[in-house]
Amino acid sequence: MPDDQEVHKGLEGIIVNETKIGYVDGQKGRLVYRGYDIETLASKSNFEEVSYLLINGKLPSREQFSEFNRKARERMKLPGNVVEFIEKNCGHSHPMSDLRTVVSFLGALDANSNSSDLNLQKSMGEDIIFRMPGIVAAIKRKWEGKSIIEPLPDLGMAANFLYMSSGRKPTEEEEKVMDTCLILHADHGSNASTFSSMVTISTLADMYSALTAGIATLKGPLHGGANEQALKMIKRVGSPENAERVIGEMLGKKEKVMGFGHRVYKVYDPRARILKEFARSISAKSGKQELFETAEAIEKAMISKVGGKGIFPNVDFYSGMVYESLGFEENIFTPIFAFSRSAGWVARSLEYVSDNRLFRPRSKYSGEMGPIEYVPLEKR
Ligand SMILES: CC(C)(COP(=O)(O)OP(=O)(O)OC[C@H]1O[C@@H](n2cnc3c(N)ncnc32)[C@H](O)[C@@H]1OP(=O)(O)O)[C@@H](O)C(=O)NCCC(=O)NCCS
C-alpha cells in the first residue's frame with residue numbers, strides 16, 4: 001500500500017471544479033452571485049430574478065422575467081396527487097423527511113425523469129424550484145393539522161409562500177423580509193448539500209434525484225439544521241443576563257454553539273449581518289424583543305470568547321428568529337432553507353453536468369491487509 005497518500009478529511013480545501021455561479025470570500029466576508037454582491041441583490045432584487053440569474057448567468061430581460069414568472073405562478077399550485085400524497089403521508093417524522101420524500105415523489109410522477117438531456121434537466125429543475133413554496137407550505141399546514149391552501153394568482157413566490165403557510169396575505173414588510181431570506185440562502189459555494197447534488201447529477205441521474213440528495217444532506221444540524229438548533233438554544237438561554245454564563249459553560253464543555261462558526265467565513269457572515277437587522281425590527285414588531293436581545297448578548301459573549309479564533313454568527317443564527325417572527329415553527333426552518341437553496345442546487349448541478357466528470361474520490365485504506373483465513377460460520 002503506498003504510504004504517501006495525504007488524506008483531506010471532508011475534502012477541506014480541495015477544489016473540485018470551476019464555477020461562474022457564486023463566490024464566497026471567507027476572509028473579507030463577501031458573497032457574490034454571478035458578479036453581484038449579496039447586499040445589492042438583497043436590497044434590489046427578488047427570489048425569482050435571483051433564481052433566473054443563478055441558473056442562466058444573467059439577469060432576465062423584461063420578457064424573460066415575465067415568462068419565468070408566468071411559469072412560476074402556474075406551477076406553484078400543486079397537482080392533486082401531490083396534495084393527496086402530502087395529506088396521506090406527511091406529518092409524522094420531521095418536515096425535512098417529508099420534503100425529501102415529496103421531491104422524490106415529484107420525480108416518480110415525471111415521465112422525463114429518466115432523461116439526462118440538459119434542457120429537460122433544466123426544466124425539471126425550474127419545476128422543482130417553482131413547486132417548493134407550495135410543498136413547504138403544505139407540509140407546514142399538515143404538521144399543524146390544517147387544510148392545504150392554494151396559491152393566489154397575483155402573488156410572487158415569497159408572498160405566496162407566506163400566504164399558503166398562514167392563510168393571510170402578508171404585509172409589504174413581511175414579503176420583503178421573506179424574499180430577502182430566500183435570496184440570502186439561494187447559493188453558497190460548494191457546501192455539503194450542493195456538493196451532494198453535484199455528485200448525484202455527475203452520475204447522469206435526473207434533477208429530482210440531485211435535489212433529493214441535496215435536501216437529505218441539508219437536514220443535518222451541522223448544515224441546514226443549525227437554524228432550528230440555534231433558536232432552541234437562544235430560548236434556553238432565556239434572557240440577556242444569562243448569556244455570558246451559559247455560553248461560558250457550553251464552551252467549557254467544548255460544546256458547539258449552533259449558529260456560530262463557518263468552514264469558509266472567518267469573519268462576520270455578510271448574510272448574518274443583513275438578517276440581524278431584519279431580526280431586530282421584526283422581533284420588536286412581533287413582541288419578541290427579549291429574544292432578540294438575548295441573541296445579541298449571546299453574540300457578544302461568543303465574540304469576546306472565541307471571535308479571536310474566527311468564530312462569528314453565521315447565516316443560521318438570526319434566520320430562525322426571523323422565521324419565528326413570521327409565524328413559523330422551528331421544524332419548518334430547514335425546509336425554508338431548502339426552498340431557497342433549491343435555486344443554487346439546480347444552477348450548480350446544471351453547470352457541473354454540462355461539463356461533466358463523474359465524481360470518484362478515493363479513500364486511504366488502513367484496515368487489515370491479510371490475507372485472513374476464512375472461517376466458516378458453523379466454526380465461529
Ligand atoms: C460550521 C462548522 C462545522 C465549521 O467549522 P469547522 O471549520 O469544521 O471548524 P471546527 O469544527 O474544526 O472548529 C474549529 C475550532 O473552532 C471551534 N468552534 C467552531 N465552531 C464553533 C461553535 N459553533 N461553537 C463553539 N466552538 C466552535 C471548535 O470547537 C474548534 O476549536 P478547537 O480548535 O479548540 O478544537 C462549525 O463552526 C460548527 O459546527 N458550527 C455550529 C453549527 C452551525 O452553526 N452550522 C451552520 C453553518 S452555516
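Salt bridges number 27 in this structure, which is a predicted model. Three of these pairs are described below, together with the solvent accessibility of each partner and, for two of the pairs, their placement in the helices. Salt bridges that share partners also join E67, R70, E74, R75 and D127 into one network.

**Pairs whose residues belong to the network**

- E67 and R70 are joined by a salt bridge in which the closest N and O atoms lie 2.9 Å apart, and because the two residues are 3 positions apart in helix α3 (residues 62–75), about one helical turn separates them.
- Both partners of this pair are partly exposed, E67 having a relative accessibility of 36% and R70 a relative accessible area of 42%.
- R75 forms a salt bridge with E74, with a distance of 3.7 Å between the closest N and O atoms.
- In this second pair R75 counts as buried, at 18% relative accessibility, whereas E74, with a relative accessible area of 47%, is partly exposed.

**A pair that links distant parts of the chain**

- The side chains of E324 and K235 meet in a salt bridge with an N to O distance of 2.5 Å, and this pair connects distant parts of the chain, since E324 belongs to helix α15 (residues 315–325) and K235 to helix α11 (residues 226–237), with the two positions 89 residues apart in numbering.
- E324 is buried, its relative accessible area being 14%, while K235 is partly exposed, with a relative accessible area of 37%.

Note on methods. Residues numbered from 1 in each chain as written. Predicted model: local features only at pLDDT ≥ 70, side-chain atom pairs only at ≥ 80, totals over all residues. Heavy atoms only, no water. Salt bridge = Lys/Arg side-chain N within 4 Å of Asp/Glu carboxyl O. Helix = DSSP H or I, 4+ residues; strand = E, 2+ residues; numbered from the N terminus. Buried < 20%, exposed > 50% of the residue type's maximum accessible area, 1.4 Å probe, protein only.
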